[in-house]
Amino acid sequence: RRDYERNRSIQTKVEHLMRVDPNTALLVLGDMNGRLIELEPGIKTDANGKMINSWIDKEDMHHLNALESCVGRYTFESLNGKSAIDHMLTNNYMKERNLGMWIDEDRTMLDISDHNLVRAWFKLKHDNYKVKKRKPKKKITWISRKAESLQMCLESFKGKIGKKYSPFL
């Protein structure tokens, strides 16, 4: 009973945060531990999956994992198997700007967790001005669970954001 009350309190807070102005970009994502038959045929939608479906219906959200533009399905893997429990939801504003989503089921880019890397792309710039476009240099980095690789990732990330950080190692 206490878990139910705690979960319901969190759910209510998230629902409150979802109510934004229609012209506000909103992305709700995370490890929601929700399983949906739409993503995993052969299983039953669980309580958290029903919560996600209620957000899609009642809060007018869009489930990026369920779109055709999403490559990959399973976001978590353990000895018990695979599941799709990490989700991305957007409002209409962000749905219109969504370019695609990718779930790294093969862990080719990041292999430090039992969860797979989930990426999404959005076009957020306005088209009312022209900027000379140059081809970006594409750099892909593979990371493992090794401590030295995590430290290299942290240093690289620190250099890219240029802000103070707290080491997590």
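Helix α1 comprises the 17 residues 2-18 of this predicted model. At 1.5 Å a residue, the helix should span 24 Å, and its end C-alpha atoms lie 25 Å apart, so the expected and computed values agree.

The two sides of α1 can be told apart by burial. Q11, E15 and M18 are the buried residues of the helix. They occupy an arc of only 50 degrees around the axis, which means that they lie on the same side of α1. The spacing follows from helix geometry: with 3.6 residues a turn, residues three or four places apart point the same way. The cover over the buried residues of α1 includes strand β1 (27-31) and helix α2 (47-58). On the face turned away from this buried side, α1 carries the exposed residues R2, K13, H16 and L17.

Further along the chain, three strands build an open sheet with mixed pairing, arranged in the order β3-β7-β8. Strands β3 (70-71) and β8 (118-122) form the edges; each has a single partner strand, and therefore one side of each is left without a neighbour in the sheet. Strand β7, residues 98-103, runs antiparallel to β8 and is joined to β8 by five bridges. Within this pairing, I103 has V118 of β8 as its bridge partner.

A contact involving an aromatic ring occurs at R97 and Y93. The charged end of R97 sits over the ring of Y93, at 3.6 Å from the ring centre. Pairs between aromatic rings, by contrast, number zero when ring centres must lie within 6.5 Å of each other.

Conventions: Residues numbered from 1 in each chain as written. Predicted model: local features only at pLDDT ≥ 70, side-chain atom pairs only at ≥ 80, totals over all residues. Heavy atoms only, no water. Phe/Tyr/Trp six-rings, centres within 6.5 Å; stacked < 30°, edge-to-face > 60°. Lys NZ or Arg CZ within 6 Å of the ring centre and 35° of its normal. Pairing = 2+ DSSP bridges. Helix = DSSP H or I, 4+ residues; strand = E, 2+ residues; numbered from the N terminus. Expected span 1.5 Å × (residues − 1). Buried < 20%, exposed > 50% of the residue type's maximum accessible area, 1.4 Å probe, protein only. Arc of directions from axis to C-beta. Contact = heavy atoms within 4.5 Å.
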